[in-house]
Amino acid sequence: IAKNVVHRMRPDNSDSKSFFSGHTSTTFAMASYLQRELDEALSEWDVLAESAFLRNGLRIAAFSVSYGWASYVGYSRLRDNRHYLGDVLVGALIGTVIGNIVYGQVAREDSNLLRNLTLTHGSDGPQFSFQLQF
């Protein structure tokens, strides 16, 4: 929607869908969700109960890998002359917010999100459906 409303030309002048970077927002959403999931798993892992140094080191590594990968994607969009810095920064912000919101919804104990996913096989082949309630 934002790309169609804003109509910002890309730096390489290929089209007017520069704002905001979809690649960056998607990878930051995945990175923020994955980092929160890994952080929780490492915090609760019994093997690391005796070593706060190792637990914290692994948590820092998970954060660095998750956000490092997402940052590289944002950088690559700049390097390839497909987006401006503002496009990438807004994409990173939106992706991070969305990833954390989704994690918050999935992690809630009363969340029905995962219970509303269905995978079946019908006469037309595999079928996947989900239902969201607000």
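These are my notebook entries on a predicted model.

**Overall layout**

I began with the secondary structure. The protein has four helices and two strands, and along the sequence I read the pattern α-α-α-α-β-β. Then I looked up burial: of the 134 residues in the protein, 25% are buried.

**H2 against H3**

Next I looked at how helix H2 (residues 22-44) sits against helix H3 (residues 52-79). Their axes are 9 Å apart, and the packing angle is about 175°. Angles over 145 degrees count as roughly antiparallel, so that is the label for H2 and H3. I also sorted their contact by residue class: 13 residues are nonpolar, nine are polar and four are charged.

**Salt bridges**

How many salt bridges does the count come to? I get five. I wrote up three pairs, starting with one between H2 and H3.

Asp39 pairs with Arg59, with 2.4 Å between the closest N and O atoms. Asp39 is in helix H2 and Arg59 in helix H3, so this salt bridge ties together parts that are 20 residues apart in sequence. I checked the cover on Arg59 too: its relative accessibility is 27%, so I noted Arg59 as partly exposed.

The second pair is Arg82 with Asp12, where the closest N and O atoms are 2.9 Å apart. Which parts does this pair tie together? Arg82 is in the loop between H3 and helix H4 (85-107), while Asp12 is in the loop between helix H1 (2-6) and H2, so the link joins parts 70 residues apart in sequence. Buried or exposed, I wondered, for Arg82 at 22% relative accessibility? Buried would need under 20%, so Arg82 goes down as partly exposed. Asp12 is partly exposed as well, at 31%.

The third pair is Asp80 with Arg79, and here I read 3.4 Å between the closest N and O atoms. Asp80 has 40% relative accessibility and counts as partly exposed. For Arg79 the relative accessible area is 44%, again partly exposed.

A general reminder to myself: side chains of opposite charge can pair when their charged atoms come close.

**Nonpolar patch**

I then went looking on the surface. Which residues make the nonpolar patch there? I listed Trp45, Val47, Leu54 and Leu58, which together give about 380 Å². I followed up on Leu54: it belongs to helix H3, and its relative accessibility of 44% makes it partly exposed.

**Backbone oddities**

Last, I went through the backbone. Phe19 and Phe20 are joined by a cis peptide bond, with omega about -10°. Phe20 is in the loop between H1 and H2.

The loop between H1 and H2 is also where I found His7. Its phi is near 55°, positive in a residue other than glycine. At 48% relative accessibility His7 stays under the exposed cut-off of over 50%, so I put His7 down as partly exposed.

I flagged Asn81 for its phi as well: the value is about 60°, positive although Asn81 is not a glycine. Where is Asn81 found? I placed it in the loop between H3 and H4, the loop that also holds Arg82 of the salt bridge to Asp12. With a relative accessible area of 36%, Asn81 is partly exposed.

Methods. Residues are numbered from 1 along each chain as its sequence is written. This is a predicted model: local features need pLDDT of at least 70, side-chain atom pairs count only at pLDDT 80 or more; totals for chains, interfaces and linings use all residues. Side-chain values use heavy atoms; hydrogens and water are left out. Axes are lines fitted to C-alpha atoms, for helices over the stretch in contact, and angles run from 0 to 180 degrees between N-to-C directions. Angles under 35 degrees count as roughly parallel, over 145 as roughly antiparallel, 65 to 115 as roughly perpendicular and the rest as oblique. Ala, Val, Leu, Ile, Met, Phe, Trp, Tyr, Cys and Pro count as nonpolar, Asp, Glu, Lys and Arg as charged, and the others, Gly among them, as polar. Patches are made of residues with over 30% relative accessible area and no salt bridge: like charges are joined within 9 Å, nonpolar side chains (Val, Leu, Ile, Met, Phe, Trp, Tyr) within 5 Å. Accessible areas come from the Shrake-Rupley method with a 1.4 Å probe; for residues, only the protein chains shown count as cover. A salt bridge is a side-chain nitrogen of Lys or Arg within 4 Å of a carboxyl oxygen of Asp or Glu. Buried means under 20% relative accessible area, exposed over 50%, partly exposed in between (1.4 Å probe, protein chains only).
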